[in-house]
Amino acid sequence: MASSISATAAGEPEHSTKEREEENATSTRAAEDEDTGAQVAPIVKLEEVAVTTGEEDEDAILDLKAKLYRFDKEGNQWKERGVGTVKLLKHKESAKVRLVFRQSKTLKICANHLVLPTINVQEHQGNDKSCLWHAADFADGELKDELFCIRFPSVENCKTFKETVEEVAETQGKKSESKDAADAAGLIEKLSVEDSKKEEKEKEEVPVAAKEVSKTTDDKVKAEVEKKDEPASSA
């Protein structure tokens, strides 16, 4: 009997302690879940930073998804430059157009060059979704002659790219010709004005010279007359 009581007494504190631990844990969770309404100020305040892409002064006249390749002359093979977006950007003031290709995830520039009148976009033989062209590219920070190949998801996009680049090249060629003609006309006009000023200056100098000659002649005649009118000296 004593042993059973002892066992019962010994078991009671252990049971009570476990209950208290559970109650304490419940109270702690309730306190954690309770919204006190307090606002904690952030340790570091982050300010908004304006991110520039260099395209702020340009309008996009073409924007297509594609995959770009560059021909490695040393390895004599094509190397992928990335999957991303190809754009034709027209400057708002100069009206010059450049081709820019950026990778989708990193936004790294893989192609960056002007669309000149001499550019020649050709269809890739055996793949009507791809085009090839040469360009003096500045994507790596220095001008390099590159051979590019671009592949589009559809034939329509490839055709749109090729036709748009050709239209831009033709427009740039006409603009260049107009500028050359304007420069030539300006040069001719400048030379004509300079020639006119030179002729006017020569005309102004001729009367002055004639006047000086006439004055000199008159002075000589006057001197001879005065000499004749002088009385002859007595012998």
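This report walks through the sheet, the salt bridges, the aromatic rings and a surface patch of one predicted model.

## The sheet

Let's begin with the strands. Seven of them form an open sheet, and their order across it is 4-3-2-1-7-6-5, with antiparallel pairing. Which strands sit at the edges? They are strand 4 (109-114) and strand 5 (122-124), each of which pairs on one side only. From one strand to the next, the twist averages 35 degrees.

As general background, the strands of a sheet pair through backbone hydrogen bonds, in either a parallel or an antiparallel way.

Both edges can be followed residue by residue. At one edge, strand 4 pairs with strand 3 (residues 97-103) in the antiparallel sense over five bridges. Here arginine 102 stands opposite isoleucine 109 in strand 4. The hairpin of strand 3 and strand 4 has five residues between the strands, and leucine 107 takes a positive phi near 60 degrees in it.

At the other edge, strand 5 and strand 6 are antiparallel partners over three bridges. Histidine 124 stands opposite asparagine 127 in strand 6.

## Salt bridges

How many salt bridges does the model contain? The count comes to 10. Three of them are set out here, each with the distance between its closest side-chain N and O atoms.

| Basic residue | Acidic residue | N to O distance |
|---|---|---|
| Lysine 87 | Glutamate 55 | 3.5 Å |
| Lysine 79 | Aspartate 72 | 3.3 Å |
| Arginine 81 | Aspartate 140 | 3.5 Å |

Take the pair of lysine 87 and glutamate 55, which form a salt bridge. Lysine 87 belongs to strand 2 (residues 77-91) and glutamate 55 to the loop between helix 1 (2-33) and strand 1 (58-72), so this contact ties together parts that are 32 residues apart in sequence. Are the two partners buried or exposed? Lysine 87 has 22% relative accessibility and therefore counts as partly exposed, whereas glutamate 55, at 13%, counts as buried. The cut-off that matters here is 20% relative accessible area, under which a residue is buried.

Next comes the salt bridge between aspartate 72 and lysine 79. Aspartate 72 counts as buried because its relative accessibility is 12%. Lysine 79, with a relative accessible area of 38%, is partly exposed.

The side chains of arginine 81 and aspartate 140 also meet in a salt bridge. Arginine 81 lies in strand 2 and aspartate 140 in the loop between strand 6 (127-137) and strand 7 (144-151), so the pair ties together parts that are 59 residues apart in sequence. Arginine 81 is buried at 17% relative accessibility, while aspartate 140 is partly exposed at 41%.

Arginine 81 and aspartate 140 do not stand alone, as a network of salt bridges links Arg70, Arg81, Asp140, Lys144 and Glu146.

## Aromatic rings

Now to the rings, where the count comes to four aromatic pairs. One of these is the tilted pair of tryptophan 133 and phenylalanine 148, with 5.5 Å from centre to centre and 35 degrees between the planes. This pair links distant parts of the chain, since tryptophan 133 is in strand 6 and phenylalanine 148 in strand 7, 15 residues apart. Both residues, tryptophan 133 and phenylalanine 148, are buried.

Why does the pair of phenylalanine 152 and phenylalanine 161 count as tilted? The ring planes stand at 45 degrees, with the centres 5.3 Å apart, so the pair is tilted; planes count as stacked under 30 degrees and as edge-to-face over 60. Phenylalanine 152 is buried at 3% relative accessibility, and phenylalanine 161 is buried with a relative accessible area of 0%.

Ring pairs join Trp133, Phe148, Phe152 and Phe161 into a cluster.

## A nonpolar surface patch

Finally, a look at the outside. Ile43, Val44 and Leu46 form a nonpolar patch on the surface, and together they have about 420 Å² of accessible area. Leucine 46 is found in the loop between helix 1 and strand 1. With 75% relative accessibility, leucine 46 counts as exposed. That loop is also home to glutamate 55, the salt-bridge partner of lysine 87.

Technical notes. Residues are numbered from 1 along each chain as its sequence is written. This is a predicted model: local features need pLDDT of at least 70, side-chain atom pairs count only at pLDDT 80 or more; totals for chains, interfaces and linings use all residues. Side-chain values use heavy atoms; hydrogens and water are left out. A salt bridge is a side-chain nitrogen of Lys or Arg within 4 Å of a carboxyl oxygen of Asp or Glu. Helices (H or I, at least four residues) and strands (E, at least two) are DSSP runs, numbered from the N terminus. Buried means under 20% relative accessible area, exposed over 50%, partly exposed in between (1.4 Å probe, protein chains only). Patches are made of residues with over 30% relative accessible area and no salt bridge: like charges are joined within 9 Å, nonpolar side chains (Val, Leu, Ile, Met, Phe, Trp, Tyr) within 5 Å. Accessible areas come from the Shrake-Rupley method with a 1.4 Å probe; for residues, only the protein chains shown count as cover. Two strands pair if DSSP finds at least two bridges between them. Axes are lines fitted to C-alpha atoms, for helices over the stretch in contact, and angles run from 0 to 180 degrees between N-to-C directions. Rings of Phe, Tyr and Trp (its six-membered ring) pair if their centres lie within 6.5 Å; planes under 30 degrees apart count as stacked, over 60 as edge-to-face and the rest as tilted.
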